[in-house]
Structure formats: structure tokens, C-alpha cells
Amino acid sequence: MQRIAALVDKTLAVTPGFKTRLAAPVAHAREFCARLVDSLPPAVAIDRQCFAADPLVHALFASADDIGGMLAASAPVRTYLTEPRSWRDDCFIALMAARRVDKKVLGVALQGEIVTTDVPQTLLQFSNQTIILPADNPASARDAFLEAAFDSLLLTFAEHLAHAREAYGSLRAEREMEHVRQRSQPTGTAFPERRIAALDERLRQQFQSLRPEAIIAELADFLMQPEQALSLDPTRLWVTRRGVIQEDTAHDADAASILFMELKSRDRRRHLVLPVCVRCDEAREALARAKEKRAEREYMLLL
């Protein structure tokens, strides 16, 4: 309930019936988020060795160096590694997200015993790789993933509410402009009163929908249907080491099967989400390398 007030609207917390009206919808949405998190696969180790051995990790990054670059760019990872708990264990669990970007190209393919050129192919690529929510054990990681999923639902509703308030403000501005036009008309000139009446009615309806009681009712309905705003779908592909998606694995013995989960949330775009296991010493090495490169660039600029 405190999280709802913080992310959606602080005035809701002091509205009569806030907790009573939302108790069941919140419980329903939390159960949905728990099922969503529990459907995620076990954490996958990501490091240089896994880049060479695991087809999924190989598909996620263009090179092994990109793994270290992702770790070094993660503010949550940098913060986690400064905490005493990060020295107790060899690795931590986190959530990796990435945008899937399929690229259409013309390539070479072996069809039977004939090498064919200019064959239309689709390359599986990922961009915007990021790692968030580091935790020192699977139970803590699950709790963090659950809170993030519930926050995503609340932020989706908060975005909808912000749009509704923006629309109300635009209506008020339009209504004021109509008043100005009316006052500027010469005496005796007919003015379409019906337009102002229509704007007044739309304003009244919009104002009623933005009252705290109405927001709570709409939020309750939203939380009872969380699957409309947040979904997690499994995707299985056959992909070669060069990243070519295979429709028929008989075309290339190099193809391997990979399975990943795609999340569709408030921005309606699909993101790969994957629990990962990262060695703390490798994460620290990645941060140290990134720091050395920054120092080298700053030194060159001084020269």
C-alpha cells in the first residue's frame, strides 16, 4: 500500500476505503507477479568460458569483452560490490535485460551439397544489455524480482494516470480559449454555445475520473487484470554460432537450440529477461579495467 501511494498518488493513502478497496486486487496482482517470477529459468552463469561454451550466452553478446563492459556499466553492480556482503560469497545473482534486434542480411548457406550465395538470412542480435537487481542468494533475488514486477505494474498505471491528467489540462486550456473567442465576438454575433457545453461535459467527466475515489476504483480493476500490462513468453530458436536463425536445423549442423524469456511491459516493447550468476571477482576485474581505460583517456586528453 505504501508503494502504491509512492508511485501512483500520495493522496490515495488518505482517501477513505483505500486499503479496504485495494486489499484483494493487490493480493491478486502480487500472486500474479510471484507466478511470473517463478516461471523464469534458473540463473545462467555468464563469463568468458560460458561465452565459448553456452549457445545462449554466445548469442547474447557480440564478444566476450562485452560481458565485462556490461558489468562495468551497471550502477547497481558497482553499488553491490562496495557492500560487505559482496565479499562473503563467490558470486551474486542478478537480472539481465536486453533488446532483441533481428537483422536481415544476404549470406552464404549450404543447401544439400551446394554452397549458395545471396541467401536471405536473419541474424539474431541483442542490444542495450544491462544487469540490475544484484542479490547474494536466490531467495533474495526472487524477492527483488517480485518487487520489480509489482513496481512495473504500478508504473504502468501511473503513466496512464499522468496521461489522463495531461488530457484534462488540455481540455481546460481549450475551454478557456473558447471563452476568449466568445468574448472577442462583435455584439450580436451568434456563437456556437453547443461546443462550450460539450467541452464542459467532457471536463466534468474527466474531473470525476481523476477524483481519488475513482482512481482507486480504476486501479483495483487494473490490478485484477495484470496480465494485460505485464507478460512473460518463452521463445525457442535454433541459432548458428554466427548468429543466423535457422528455420530448418538440417541446413546447418552448427545450429544449437536456445530458450529465453521475453517480457512485454508498459512500453509495449519486448525485452529478454534472464536471471544470471556473476562471479564477484570477475565483476571487480571488469570495473578495474573500465577505470583504467577512463584514466588512460583522461591522460591522453591532458596531453
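**Exercise 1. Place T156 in the predicted model, decide whether T156 is buried or exposed, and find which backbone oxygen its side chain approaches.**

Solution. Begin with the secondary structure: in this predicted model, T156 lies in helix α7, which covers residues 138-184. Next, take the relative accessibility of T156, which is 16%; buried means under 20%, so T156 counts as buried. Then turn to the side chain of T156, where a polar atom lies 2.9 Å from the backbone oxygen of S152. Finally, look at a residue distant in sequence: T156 and L7 are 149 residues apart along the chain, and their C-alpha atoms are separated by 9.9 Å.

**Exercise 2. Locate S265, classify its accessibility, and state which residues S265 touches beyond its sequence neighbours.**

Solution. The first step is the position in the fold, and S265 is found in the loop between β6 (256-264) and β7. The second step is accessibility: the value for S265 is 11%, and because the cut-off for buried is under 20%, S265 counts as buried although it is found in a loop. The third step is contacts, for which residues up to four places away in sequence are not counted; on that basis S265 touches S152, A229 and L230. S152 has already appeared in the first exercise, as the residue whose backbone oxygen lies 2.9 Å from a polar atom of the T156 side chain. As a last step, consider S140, which is 125 residues from S265 along the chain, with a separation of 23 Å between the two C-alpha atoms.

**Exercise 3. Determine which strand holds H271, how accessible H271 is, and which residues surround it.**

Solution. H271 lies in strand β7, made up of residues 270-279. Its relative accessible area is 19%, and since buried means under 20%, H271 is classed as buried. When residues up to four places away in sequence are left out, the contacts of H271 are A98, R99, M261, E262 and L263. Of these, M261, E262 and L263 fall within the range of β6, residues 256-264.

**Exercise 4. Compare the backbone angle phi and the accessibility of N128 and L133.**

Solution. Start from the general expectation that most residues other than glycine have a negative phi. N128 has a phi near 55°, a positive value in a residue that is not glycine, and L133 likewise has a phi near 55°. Both belong to strand β3, which spans residues 114-135. Their accessibility classes are then read separately: N128, with a relative accessible area of 60%, is exposed, whereas L133, at 24%, counts as partly exposed.

**Exercise 5. Describe the protein as a whole, and explain why it is called more spread out than a compact globule.**

Solution. Count the elements first: the protein has 10 helices and 7 strands. The radius of gyration is 27 Å, well over the 19 Å that the globule rule gives for 303 residues, and the protein is therefore more spread out than a compact globule. Along the principal axes, the C-alpha atoms fill a box of roughly 85 × 55 × 55 Å. Buried residues nevertheless make up 40% of the 303 residues, and of the contacts between residues at least 6 apart in sequence, 71% join residues at least 24 apart. To finish with the charges, there are 40 positive and 42 negative side chains, and the centres of the two sets lie 6 Å apart.

How values were computed:
Residues numbered from 1 in each chain as written. Predicted model: local features only at pLDDT ≥ 70, side-chain atom pairs only at ≥ 80, totals over all residues. Heavy atoms only, no water. Helix = DSSP H or I, 4+ residues; strand = E, 2+ residues; numbered from the N terminus. Rg over C-alpha atoms; globule rule 2.2 N^0.38 Å. Buried < 20%, exposed > 50% of the residue type's maximum accessible area, 1.4 Å probe, protein only. Contact = heavy atoms within 4.5 Å. Lys, Arg positive; Asp, Glu negative; His and termini not counted. Charge placed at Lys NZ, Arg CZ, Asp CG, Glu CD. Polar contact = N/O pair within 3.5 Å; in protein donor to acceptor, adjacent residues only side chain to side chain.
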